[in-house]
Amino acid sequence: MKILHTACLTWKIINKNPFLWILVIAYFLYLFMGIDYYTSGNDYSPGETLTQMSFLIQGGILAFLLFGVMFIRIEERHYLNDIFKTIHHGSFHKISGKLIFSIIFIFILISASYVMFAFKLWFTGTELSTFYWSAYQYIILYWGLTFLISLLIGCLLAYIIKGKLVYPILIFIWALIGPANKFLLGNSASKLGADKILSLLNLGEPNPYAIFNAFYGFPLSEFHWAKKLLWILCLIAIFSIIYLIKNQLNKKIVIVLIVSILLLMPSIHFLTLDRQIYVSASSTENARENYDYNYYSAHPESLDNIRKTDVTINDYKINLNIDRVLEATVSMSVVNNEKKPLKQITLSLYHNFKIKQASVNNKPVNVKQNRDFFTVKLDQSLDPGDNVDVQVSYRGTSSPNFFANRQAIYLPYYFPWLPSSLQKPAFNTSNSGELLRNNHQLEEQAQFTLNYDGNQQIYTNLSRVNNHVWKGKADHGLTLAAGEINKTKFQEDILIQPNSWPRHSAKDIEMLKQANHKLIQAVSENLGLDLHDPNKVLYLPILSIRDHLSSQRIWYTEDYMIYGQNSGYQQSLMPEPQSFYAYWAVPALTWKHSGVDESPFARYFGTVFAYVYNKQHHIPDEGELLPDHLKGDQQKIEALSAITNWVTSFNDYEKMNNFLNDWFKLVKKDEQGWGQLLELIKQYR
């Protein structure tokens, strides 16, 4: 009761200060304007409503730092310390009462903020989902706990430092610990190489300058919670030590000190463990926009030291665990396609996945891992056409572009998160600064058995057997997706999309279905491919600055399509203008589906085919995406200039389709030559 009385006394004193109410009113006015901006019109992005409030949180940090100073100064002004010293355990009750008052006040503040946000979200038609609960956790983590830590820092500063010197120190700390610290100190920090320190000190949104990833959701990993706990424990420990130095021994304060120190050790250890944390900011070295690009720029493709082997994998048995990192044990049936016996097998695997052990036919063997490749030595030669059982266990963090942790999973079939028989790296880089995904889809159909024991609901192209097991055959590979996403079913069609995006109508689904059907029909007829309409679409946001290529937006299999769309609000599944859709889909249906990797030769084929398709089907297309401002060797410039001039003025669709068919045959060849294309143009013009 004494603690509650102290909390009530604190409220009565604070309540009389008009400064408090001015700040509270300003806080909610700013919040209301931000919520209204990001939940209205074309700027609709509920996630960014919270993540883009960095300046509101920065202001809140300053306010609570000042409140902390005020808490201590009030005691000194009214000589409350002398009064509490005359009461048995009075100092402990005083501290506890203020802490309880602060927690209650902050809880009411952030809960009112959440109610305002959730009401506006519900009013705009966003369906109830886990996104609402994630939003509340986000507000507690990055607003509530940040304000509490700021108040404790203010109290500690005022308790140590007397007089007005506390205020310039307070301002400096305010600039260090807020989400806008790089904005306030960025240039100075960059010169001193202290960017990582600012990221560590930041108590607010960890990616304040990044676009909200509606698929991944809010950054709520245990790392961020542990980081806040570490701050609180450190402040409590420091305050307890200083209190015991300044005052007589207090058993309750000693107990608090011992408990906080004991909890500090596991907290620090937990923060040092390996984990995949979502980082997105174009200026950050380890951001998803830069990490892979920097790595593959520094390690260009080189197979000189790799003994390539022609093998296929026709059966995968996968035991998968995804928590802080990805851990997998994969058993594979590997077939020798060469005309001679093999003494070793080379496969591909993303370089961050480190192989712990390997076996062949249940016998341990040596394995050598080099970047995105690993080689398994066989005890006995593998004859042509024979198969061998290879098992590898590996662990590590996935690519920032294809995250895999307890919060979200995105492991598409074309990324080598499973051992791949195609000996090529996961990515390449272009001379113009693009990160290109190498396609690791299966060469032949394979059987998959997945055993996954995780807390997320996963979406995959296999059939579910029970709560932890999925089985099935796949022509291209295995895709796993989990996160802030859900599925909507329209008869036989399924759309999987982020929870915070508005639900699309049956009409939108039908428009996309018809667009796919017409394109697939045209590609199948013109190029002689056996394609089928997918009945499942994984509709995800595109965020990376290196994802702007049209050819990277869509990936197609006969069962499902991965469709990348801009992160902002999209009223329709089809882009505006609709002519863009052909430029996105044709590469997926043609050269990517045929296992050809990204190259200018293949990319320009897709562009020209899309333009001809739009023109043939009377879809308005001004040709602004056709090859322009060409650079490179003379044959390339001459060939593409001739094609552009021809396709913008032709009328004979039969001749053009025959030309595209022959061009596609060149695309599928290992050696793609501009000279051959130039000769082909001359034959048809």
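Which strand gives the most to the lining of the second largest cavity? In this predicted model, the answer is strand S1 (residues 311-322), which contributes 3 residues to that lining.

**Figure 1. Overview of the predicted protein chain.** The chain has 19 helices and 21 strands, and buried residues make up 56% of its 685 residues. Among the contacts in the chain with a separation of 6 or more, 72% are accounted for by residues that lie 24 or more positions apart.

**Figure 2. The second largest cavity and its lining.** The structure holds 12 cavities of 30 Å³ or more, and the second largest encloses about 170 Å³ of space. It is lined by 22 residues, of which Tyr316, Pro419, Ser420, His440 and Leu442 are the closest to its centre. By residue class, the lining divides into 13 nonpolar, 7 polar and 2 charged residues. Strand S1, with its 3 lining residues, is the element that gives the most to this cavity wall, and the sheet to which S1 belongs is the subject of the next view.

**Figure 3. The open sheet of 8 strands.** The strands follow the order S5-S4-S8-S2-S1-S12-S15-S14, and their pairing is mixed. S5 and strand S14 (463-464) stand at the edges with a single partner strand each, so one side of each is left without a neighbour in the sheet. Within the sheet, S1 runs antiparallel to strand S2 (residues 326-336), and 11 bridges join the two; in this pairing Asn319 stands opposite Thr329 in S2.

**Figure 4. The open sheet of 3 strands.** Here the order is S9-S16-S13, and the pairing is antiparallel. Strand S9 (409-411) and strand S13 (459-460) occupy the edges, and each has a single partner strand, so one side of each is left without a neighbour in the sheet. S9 pairs with strand S16 (residues 480-482) in the antiparallel sense over 3 bridges, and Leu411 is placed opposite Leu480 in S16.

**Figure 5. Nonpolar cores, with a close-up of Phe659.** In soluble globular proteins, nonpolar side chains tend to be buried together. The largest nonpolar core in this model has 133 residues, and those with the most contacts inside it are Trp143, Tyr581, Phe659, Trp663 and Leu677. Helix H7 (residues 130-160) gives the most to this core, with 21 residues. Around Phe659, once its neighbours within four places in sequence are left aside, the residues in contact are Ile643, Trp646, Leu677, Leu680, Ile681 and Tyr684. Apart from this core lies another, of 72 residues, which includes Ile345, Leu450, Tyr452 and Ile485.

**Figure 6. Surroundings of Lys377 in strand S7.** Lys377 is found in strand S7 (residues 373-382) and, at 52% relative accessibility, counts as exposed, because the cut-off for that class is over 50%. Lys377 and Lys343 are 34 residues apart in sequence, while their C-alpha atoms are 6.3 Å apart in space. With neighbours within four places in sequence left aside, Lys377 is in contact with Lys343, Gln344, Val360, Val365 and Asn366.

**Figure 7. Two residues with positive phi, Asn362 and His618.** Asn362 is not a glycine, yet has a positive phi of about 70°; this residue is found in the loop between strand S4 (354-360) and strand S5 (363-364), and with 74% relative accessibility Asn362 counts as exposed. His618, likewise a residue other than glycine, has a positive phi near 60°. The loop that holds His618 runs between helix H16 (600-616) and helix H17 (634-647), and at 72% relative accessibility His618 counts as exposed.

**Figure 8. The cis peptide bond between Glu576 and Pro577.** The bond that joins Glu576 and Pro577 is cis, with omega about 5°. Pro577 lies in the loop between strand S21 (560-566) and helix H15 (579-589).

Conventions:
Residues are numbered from 1 along each chain as its sequence is written. This is a predicted model: local features need pLDDT of at least 70, side-chain atom pairs count only at pLDDT 80 or more; totals for chains, interfaces and linings use all residues. Side-chain values use heavy atoms; hydrogens and water are left out. Two strands pair if DSSP finds at least two bridges between them. Helices (H or I, at least four residues) and strands (E, at least two) are DSSP runs, numbered from the N terminus. Buried means under 20% relative accessible area, exposed over 50%, partly exposed in between (1.4 Å probe, protein chains only). On a 1 Å grid over the protein atoms alone, a cavity is a set of points where a 1.4 Å probe fits but cannot get out, and a pocket is an open set with protein on both sides within 12 Å along at least five of seven lines; lining residues have an atom within 4 Å of a point. Grid points are joined across faces, edges and corners, and a volume is the space filled by probe spheres set on the points. Ala, Val, Leu, Ile, Met, Phe, Trp, Tyr, Cys and Pro count as nonpolar, Asp, Glu, Lys and Arg as charged, and the others, Gly among them, as polar. A nonpolar core is a set of buried Ala, Val, Leu, Ile, Met, Phe, Trp, Tyr and Cys residues joined through side-chain atoms within 4.5 Å. Contact means heavy atoms within 4.5 Å.
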